[in-house]
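Trainee: I should like to go through this model with you, beginning with the terms and then turning to its helices.

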Amino acid sequence: KNKIKVQQARLSHSEFQIQEHRIQHVSQNKQRYESYLHWNGTVNEYQELLRTYNNETLLSKALEHGEISLIEYLMEIRYFYDAMEKYLQAENELHTVVATLYKFQL
């Protein structure tokens, strides 16, 4: 009589653990997807900004013609390269999140 109750309790416990694991898995995937949406938006914004404000050739021409000083040129180029570095970091984060999402497809 007690053996049946013990087995039912074990079964109930196992079912609870399975359900808890599923909930955790769904929650983690939702979090990963939200992270994907964030990084995808960030990468798209940086791409648009870098496409719009890539003034490297104009800056070099302005420097050659003496319209700006070397310090101004270097500061402007630094802003561009800092933005490019942040873009690459965001793209790296995006690819990392995508890889973890694809991990569950295999």
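Mentor: Contact means heavy atoms within 4.5 Å. Helices (H or I, at least four residues) and strands (E, at least two) are DSSP runs, numbered from the N terminus. The model is predicted, so local features need pLDDT of at least 70 and side-chain atom pairs count only at pLDDT 80 or more, while totals for chains, interfaces and linings use all residues. Residues are numbered from 1 along each chain as its sequence is written, and side-chain values use heavy atoms, with hydrogens and water left out.

Trainee: Which residues in α3 do Glu56, Leu59, Ser60 and Leu63 in α2 meet?

Mentor: Helix α2 covers residues 56-64. By class, its contact with α3 divides into 7 nonpolar, 1 polar and 2 charged residues; Ala, Val, Leu, Ile, Met, Phe, Trp, Tyr, Cys and Pro count as nonpolar, Asp, Glu, Lys and Arg as charged, and the others, Gly among them, as polar. The residues met in α3 are Leu70, Tyr73, Glu76, Ile77, Phe80 and Tyr81.

Trainee: Are α2 and α3 roughly parallel or roughly antiparallel to each other?

Mentor: Axes are lines fitted to C-alpha atoms, for helices over the stretch in contact, and angles run from 0 to 180 degrees between N-to-C directions. The axes of α2 and α3 are 10 Å apart, at an angle of about 175 degrees. Angles under 35 degrees count as roughly parallel, over 145 as roughly antiparallel, 65 to 115 as roughly perpendicular and the rest as oblique. The two helices are therefore roughly antiparallel.

Trainee: At roughly what angle do the axes of α1 and α3 cross?

Mentor: The axes of α1 and α3 come within 9 Å, crossing at roughly 150 degrees. That makes α1 roughly antiparallel to α3. In this contact there are 15 nonpolar, 6 polar and 4 charged residues. The angle asked for is roughly 150 degrees.

Trainee: Which element gives the largest share of the largest nonpolar core?

Mentor: A nonpolar core is a set of buried Ala, Val, Leu, Ile, Met, Phe, Trp, Tyr and Cys residues joined through side-chain atoms within 4.5 Å; buried means under 20% relative accessible area, exposed over 50%, partly exposed in between (1.4 Å probe, protein chains only). The largest such core has 6 residues: Val43, Leu50, Phe80, Tyr87, Ala90 and Leu94. Two or more residues come from each of α1 (2-52) and α3 (70-103). The largest share, 4 residues, comes from α3.

Trainee: Is valine 26 buried or exposed?

Mentor: Valine 26 lies in helix α1. Its relative accessible area is 55%, so valine 26 is exposed.

Trainee: What is the C-alpha separation of valine 98 and asparagine 40?

Mentor: Valine 98 belongs to helix α3 and is partly exposed, with a relative accessible area of 21%. Along the chain, valine 98 and asparagine 40 are 58 residues apart, and their C-alpha atoms are separated by 9.8 Å.
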